[in-house]
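Good morning, and thank you for coming. I should like to take you briefly through one structure, beginning with a single residue and working outwards.

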Amino acid sequence: MLKQIAKLLVWRFKPKIIAITGSAGKTSTKEAIYAVLSSRSGKNIFRVRKSSGNLNNELGIPLTIIEDWTDAELKLVSSGQPAGEKLVQKLFFWIKAALRGLLYFLFLNKNKYPEILILEYGADRPGDIRYLSEIAKPQIGIITTIGEIPVHVEFFSDPEAVAKEKGKLMESLTANGFAILNFDNEIVMKLKERTRARIISFGFGEGADVKISSLENHFEFNESTDEYEKYFGVSFKIENGGSFVPVVLKNTFGKAQAYAVAVSACVGLIFDLNLVEIAEALSNNYKIAKGRMNLLKGINNSYIIDDCYNASPISVKEALQTLSDLKAKRKIAVL
């Protein structure tokens, strides 16, 4: 029922759908895109909604289309909530979600509904992407990366099987749409052959439409004072069409954040923003998702890099590489 209600809302309000999939980096990419599109100044400000948490499945996508729910409401129906508890509250929530969606379809003013929906499309098993695309057919499809080891090994035998599923997102795009692909990932770039949409690539490699360069992690230990410097974070440049802007993200590290920012730049360019506007929006509004390379203060002049979100092999490898690159008197990895 929620699927049909969500489809009705998309049909009536016709929001632009931005769909993100990939083996890693979906949530950070979503947050970066939201920071860029939700902060445009002037009369043409966009009304934007993003999926909360990891609402990226057959229930989460319709819920996001219907409403911007509170954390308390979402916690009630999250995977962390035991199945046998709060059954009455859960029932009332699902009834409320369905009724609210129907009321919005019948009575909500079109100017009150988001112009843009930023959605994560999870693919736990074959068929998921097609199902989600039937609910909300995207105009912009993004594939962040596909790892050499499948994330859901119980359902996908190899990277080619994952790519085949992710490719369903590319196939759903029309000739007027945009496919944003990771230039550095050979498996991802092969998917350009499966779409009619216009291709925009991002990455560190020469030839990427939006190129990342000069990445540097700042985590310096001053041996003369036996203290860490006050500035922690990652800096890099984003280049497009001969122009570039510097980007600085504090209290986080690694290439994953640079990739997320590069994707948000691709999306910003599609919506006629320039690189300066994109960089300013990121600087002012980008909030690093929890559990994704967040820097926390520890005891005894120590620091903890929190990358504990349910990880894929590709993200674990990247985290270890980032830790290896950082300069410190002592480094400990806890897996």
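Please find Lys3, which lies in helix 1. I should say at once that this is a predicted model. Is Lys3 buried or exposed? Its relative accessibility is 17%, and because buried means under 20%, Lys3 counts as buried. Setting aside the neighbours within four places in sequence, the residues in contact with Lys3 are Pro62, Tyr131, Glu134 and Ile135.

Some of those names return when we turn to the packing of helices. Two packed helices are described by the angle between their axes and the distance between the axes. Here, helix 1 covers residues 2–13 and helix 6 covers residues 128–135. Their axes come within 8 Å of each other and cross at roughly 50°, which means that helix 1 is oblique to helix 6. Which residues make the contact? From helix 1 they are Lys3, Ala6, Lys7 and Val10, and helix 6 supplies Tyr131, Glu134 and Ile135. By character, the residues of this contact comprise 4 nonpolar and 3 charged, with no polar ones.

Let me now move further along the chain, to helix 9, which spans residues 255–270. How far does helix 9 reach from its first C-alpha to its last? The distance is 23 Å over 16 residues, close to the 22 Å expected at 1.5 Å a residue. Of those 16 residues, 13 are buried, so helix 9 is largely enclosed by the rest of the structure. Finally, Asp272, just after helix 9, adopts a positive phi of about 70°.

Thank you for your attention.

Definitions and conventions: Residues are numbered from 1 along each chain as its sequence is written. This is a predicted model: local features need pLDDT of at least 70, side-chain atom pairs count only at pLDDT 80 or more; totals for chains, interfaces and linings use all residues. Side-chain values use heavy atoms; hydrogens and water are left out. Axes are lines fitted to C-alpha atoms, for helices over the stretch in contact, and angles run from 0 to 180 degrees between N-to-C directions. Helices (H or I, at least four residues) and strands (E, at least two) are DSSP runs, numbered from the N terminus. Angles under 35 degrees count as roughly parallel, over 145 as roughly antiparallel, 65 to 115 as roughly perpendicular and the rest as oblique. Contact means heavy atoms within 4.5 Å. Ala, Val, Leu, Ile, Met, Phe, Trp, Tyr, Cys and Pro count as nonpolar, Asp, Glu, Lys and Arg as charged, and the others, Gly among them, as polar. Buried means under 20% relative accessible area, exposed over 50%, partly exposed in between (1.4 Å probe, protein chains only). The expected span of a helix is 1.5 Å times one less than its number of residues.
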